[in-house]
Each structure stands twice: as structure tokens, then as C-alpha cells.
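Reader: Please take a close look at one sheet in this model, and then at a few single residues whose backbone or surroundings deserve a check.

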Amino acid sequence: MKQIAATIGIVVLAMKAGCANAEQLTLSVSYSSGSYSNVMLESARRFEITHPDIKIEYRMPVLNTYDELLQSTLRSALVGNLADVSLEGSQNVGILARRRIPVALDEFIRAEPDWNSLGYLPSIVDVGDFQGRTYALAYAVSVPIIYYNMDLIKEAGIDAEHIPLDWSGIISLSAKVKKIRKDIVGGLFDYHSTGNWTFQAMITSQGGSILSADGSEITLDKPQVLRSLEILADFGRAGTIDMTQSQMLQAFAAGTVGVFASFSAAIGQIEKQIAGKFSLKVAPWPAMSRDGRLPAGGRVAMIYAKDPRKQKAAWEFIKFLTGPVGQTILVKGVGAVPVNDLAVTDKILLGSFYDETPNQNATLESVPRLTKWLPYPGDNAVKIGEVVRNQLRRVLISHDDPSIVLIDMKKAIEPLLSTKQ
């Protein structure tokens, strides 16, 4: 009898285990950039510990850029093969929402009894807003930022305690650093950023926009646009050379560049690469007006799942990614700007991290100035970005007249606006 009872017990346990496995739900998740792989794997591992009924499965291969992921998402939508969750480029919220691909998150947020006490910054929802509804939560936020090689600055005879933080001073500093020796580049401006993000940051930091208020039209006739081109022209004349984005990162990390205007998510990468070769200082992007803002770059979390059970599980996962633990994993992994205040104030999470990595504090100073990163309107958004990039190169590298470049930019963009979403 004891043997029979033991056998029955084993069968019951096996049946329970089988039921548990059968009830486990798998979420497919897509994202871009292989540099995020360790962060994503650790996030899945930690999430599955507290949610054993949900398994995270990342789509492979991991695509390289926001634009590649966007194109993959649009193709998947046509054939009915969307991921359940996707970490898309923040500038693509409107493009996807217009096509009704993501699920609106407003009901999920309203159903949270303690949403306001979960530590989320207001911008986490604003970044994912489209026409009054929330289609995404900010996840991996990056802000435009200025990097300084303090060793070269000192070598150029500049007071390291009072380095300039405005564009006029930065340009003057670059020109002085350039004179140190032939192999030194005064400054680099990352004009290769997706969707002309850094150029748009020049405009929004003046309180302007390259787009109309609703993002439906490109407006190049504003004074802030021409002023931005004029600043880039001065920056170029101060001593720069043409490089790809990856070459710029490598050159700055090698210690041959005085100033680098780029994205904050590279802080961790740069600090590892320089490994004490020179002293690094990071400063916020210059604000040129009181109402100046900065477009929030980076990734947003969106739900594509249509099944209610999967939607509920997906909501739990993106809450984890944007919550204190998920943001701690992210920030320590790639140096993004946290969107959860609980993570920042908790010494066990990120509080001590900012004490130990002072350069990361410059990113926090930019958080109150964040605004949405609007994509170019129409089906030719990517092509428009390429056109603008080519025109920026003329100003920075070829030293062409900004007013003439602006006219040519308008002419080149106009035919690409004929097809709108």
C-alpha cells in the first residue's frame, strides 16, 4: 500500500508540474542593438524569477538600428507575425500608432491602483503619447550631451575649472585644442544620429522645432533652424574632420579629440575604452533659451500582442523594464538616463552608482528639459533624414554657406513629402 501511495504521489506531482509548464506563457520580444544583449538577458532572468509563469523569448537575430527594427515591425504587421513586446526607437511612436500596430496603454495605467507611487517620471508617458493616447512607455532614454577631453583642454592652456558650456565657448575651445598638434581634432559633432536627432536638439534647445506642433509638417523657415546651421558652420571651421559615428566614438576614446557632441548612452562605453588614459568630463547640452527642450532619444516599450492574456503578461514585463530593478540593470549596463525616480534615490539600486560615476549626473540634469522626439512625416521619413544629414555635412565639413544649404535642403525635402501617412 505504501508503494502504491508513493507511486500515486509521484504521478500527482508530475501532473502538477505538467500543468504548471502548460500554463507558462511565452512572450516574444524584439529590440535593436547587440550592445543591449546583456541587459536584455539579465532583465529576462530577473523578471522570470518573480514571474515564473511567464517566459521571455527574444527574437533573433538582433537588428542593428531603430530604422531596421521599424522596417522589420512593419513587415511583420503585414504578415501577422508581430512580436508581443517591442523596444522601438522613440521617434517612431507616431509612425507605428498611425498604423494601429501598438496597443494603447491608458487602460493599463488607469488600472494600476498605485501608479503615482511607482516612481515613474512624467516623461515616461509623454514620450509615448500620440494624439492624446499613450502607446509606449519610455525605457532606455538617451539625451544629447557634450564630452570633454580635459587633458587636451589643459594642454591648450584653457582653465579646466571654468570650461565653457555654451556653443560660442565650445567652438572657441575647439579651435584652441586644434592648434596643439596636427593629429588632434578640435571637436566632433555627431551629425549621423538617426532622424537627425542632434540637429533637432540644436533647434529644440532654442525653443523651436523643425516640425509643426502636430508633427505633420516640416517647417524650415524658423530662425532657430538657420541659427543651428550657423552654429554648425562655426563648429566646422574651428577644426573638425568627417567620420562615421563609430569612428567618432573611437577617435574620442583614443584621446585625439577635444570636444565631442553626441549621445549620453555612450558614456559607459567611452569610460571603459579610455580606462584612465585621460580625464573625461561630461556636461549637459547647451540650452539657448529658457523654454529650450531636448528630444528624448532611445527606446520605448510597446505592446503588440492582441490576446488579452498576453497583453496582461506584456504589461507586467514593460512595468518591470521601466521599474526600479529594470532601470538599474539598464543604467548600469549601458548608461541610459533612468525614467524611474525610485531607482535613482535608492542607494542599493542607483543612488550609490551616481556617487561613484559623477559624469552620469550630467544626464540627470537634462531630464526636466525632455520633450518628444518627433519623426518626419510621411512614408519617406528615413529618406528625409538622409537628405538632411547630407546637407549638414555640407555645412560642417565643406563649409558651405548655411543660408544656401537651407534653401537646398528645402528643395530636396519637398518632393519626399508628397506621400504622407
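Author: What follows starts with the sheet and then goes through the single residues. The model is predicted.

The sheet is open and has 4 strands, in the order β8-β9-β7-β10, and their pairing is mixed. β8 and β10 (280-284) are the edge strands; each has a single partner, so one side of each has no neighbour in the sheet. On average, neighbouring strands in this sheet are turned by 15° against each other, with direction ignored. At the β10 end of the order, β7 (residues 144-149) pairs with β10 in the antiparallel sense, over 5 bridges. Within this part of the sheet, Ile 146 stands opposite Ala 283 in β10.

The other edge strand, β8, leads to the next point. The loop between β8 (185-189) and α9 (197-204) holds Asn 196. Asn 196 is not a glycine, yet its phi is positive, at about 55°. Its relative accessibility is 0%, and because buried means under 20%, Asn 196 counts as buried.

A second residue with this kind of backbone angle is His 399, which has a positive phi of about 60° and is likewise not a glycine. His 399 is also a loop residue, placed between α18 (381-396) and α19 (402-413). Is His 399 buried or partly exposed? With 39% relative accessibility, His 399 counts as partly exposed, since that class covers values between the 20% limit for buried and the 50% limit for exposed. The two residues therefore fall into separate classes, Asn 196 being buried and His 399 partly exposed.

A further backbone feature concerns a peptide bond. The bond from Met 60 to Pro 61 is cis, with omega near -5°. Pro 61 belongs to the loop that runs between β2 (54-58) and α3 (66-79).

The last residue sits in a helix. Phe 353 is part of α16, which spans residues 347-356. Its relative accessibility of 12% is under the 20% limit, so Phe 353 counts as buried. Which residues does Phe 353 touch, leaving out those up to four places away in sequence? They are Val 331, Lys 332 and Gln 360. As for Ser 366, 13 residues from Phe 353 in sequence, the C-alpha atoms of the two are 18 Å apart in space.

Note on methods:
Residues numbered from 1 in each chain as written. Predicted model: local features only at pLDDT ≥ 70, side-chain atom pairs only at ≥ 80, totals over all residues. Heavy atoms only, no water. Helix = DSSP H or I, 4+ residues; strand = E, 2+ residues; numbered from the N terminus. Buried < 20%, exposed > 50% of the residue type's maximum accessible area, 1.4 Å probe, protein only. Contact = heavy atoms within 4.5 Å. Pairing = 2+ DSSP bridges. Axes fitted to C-alpha atoms, helices over the stretch in contact; angles between N-to-C directions.
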